[in-house]
Amino acid sequence: QFQQVQSMMCDLMEWRSQLLSGTLPKDELKELKQKVTSKIDYGNKVLELDLIVRDEDGNILDPDKTSVISLFHAHEEATNKITERIKEEMSKDQPDYASYSRMSSSPTHSLYVFVRNFVCRIGEDAELFMSLYDPQKSTIISENYLVRWGSRGFPKEIDMLNNLKVVFTDLGNKDLSRDKIYLVCQIVRVGRMDLRDNNSKKYTQGLRRPFGVAGTCCL
């Protein structure tokens, strides 16, 4: 039971840091709040504490402003959800608690990336989008880091030369437990529709065209 509560506390600390970061969109913020309240209610059930009933937004119902019948239905609904959650947990294999040995004193982790150079013969300006990617779930798990690269082989902002650094933050224990995490770089060419187009009548500027992609396993 201690290991089970430890797992839930690690999740709650990780989600709390995401809530306090203030970077989540409104929809993701609402979804995360629901996950937090669901985890708290489940933990209270495991510890045999009082059941707390909430509304759809996760706010605690005020017994002075809520009818007895509404409170009863809320208790019934919350109990059914927690019972289903317990059945799901029991049907799963026992979790590997050895993964928590990698947890540091902080509940979240970060990945530091230093872009030293970009070598790719494009002939025009380019935009590099770097992000973290989970190949097993085929999904990007981070925000994009944008680097604007000039046609002459230098960053567009020349003062950023040898200073292109980014930290991917809020990586939790669940991220570290993934089989693999790739650092993916998507390359977008910015300029003419066709590099071979030298006709001034067809000459265009500022068009963004996918050019290539690269990746490397980082975790």
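## E127 and its salt bridge to R208

E127 has a relative accessibility of 13%, so in this predicted model it counts as buried. Its partner is R208: the two form a salt bridge, with the closest N and O atoms 2.8 Å apart. E127 sits in strand β2 and R208 in strand β7 (residues 207-217), so the bridge ties together parts that are 81 residues apart in sequence. R208 itself is partly exposed, with a relative accessible area of 47%.

## The other salt bridges

The count of salt bridges comes to six. Strand β2 supplies a partner for another of them: D125 meets K156 at 2.9 Å, N to O. That pair also links distant parts of the chain, with D125 in strand β2 and K156 in the loop between β4 and β5, 31 residues apart. D125 is partly exposed, because its relative accessibility is 24%. K156 comes out at 46%, so it counts as partly exposed too.

Over in the helices, K39 forms a salt bridge with D11, and here the closest N and O atoms are 3.5 Å apart. K39 belongs to helix α2 (residues 26-46) and D11 to helix α1 (residues 2-21), which puts the partners 28 residues apart. Are these two charged residues buried or exposed? K39 has 10% relative accessibility and so counts as buried. D11, at 8%, counts as buried as well. Then there's a small network: E124, R189 and R192 are linked by salt bridges.

## Strand β1, F114 and K165

Strand β1 has two faces. H109, L111, V113 and V115 make up the covered one, while S110, Y112 and F114 are on the uncovered one. That fits a familiar pattern: in a regular strand the side chains alternate between the two faces of the sheet.

β1 pairs with strand β5 (residues 164-171) in the antiparallel sense, over six bridges. Which residue of β5 is the bridge partner of F114? K165 is. Those two residues also have a side-chain contact: the charged end of K165 sits over the ring of F114, 5.3 Å from the ring centre. So you get a backbone pairing and a charge over a ring from one pair of residues.

## One aromatic pair

If you're looking for aromatic pairs, the count is one. A pair of this kind is described by the distance of the centres and the angle of the planes. For F118 and W149 the ring centres are 5.8 Å apart and the planes are at 75 degrees, so the pair is edge-to-face.

This contact links distant parts of the chain: F118 is in the loop between β1 (109-115) and β2, W149 is in strand β4 (residues 145-149), and they are 31 residues apart. Both F118 and W149 are buried.

## An odd phi at S138

Last stop, a backbone detail. Most residues other than glycine have a negative phi. S138 isn't a glycine, yet its phi is positive, at about 55 degrees.

Where does S138 sit? Its place is in the loop between β2 (125-134) and β3 (139-140). S138 counts as exposed, because its relative accessibility is 51% and the cut-off for exposed is over 50%.

Key: Residues are numbered from 1 along each chain as its sequence is written. This is a predicted model: local features need pLDDT of at least 70, side-chain atom pairs count only at pLDDT 80 or more; totals for chains, interfaces and linings use all residues. Side-chain values use heavy atoms; hydrogens and water are left out. Helices (H or I, at least four residues) and strands (E, at least two) are DSSP runs, numbered from the N terminus. Buried means under 20% relative accessible area, exposed over 50%, partly exposed in between (1.4 Å probe, protein chains only). Rings of Phe, Tyr and Trp (its six-membered ring) pair if their centres lie within 6.5 Å; planes under 30 degrees apart count as stacked, over 60 as edge-to-face and the rest as tilted. A charge sits over a ring if NZ of Lys or CZ of Arg is within 6 Å of the ring centre and within 35 degrees of the ring normal. Two strands pair if DSSP finds at least two bridges between them. A salt bridge is a side-chain nitrogen of Lys or Arg within 4 Å of a carboxyl oxygen of Asp or Glu.
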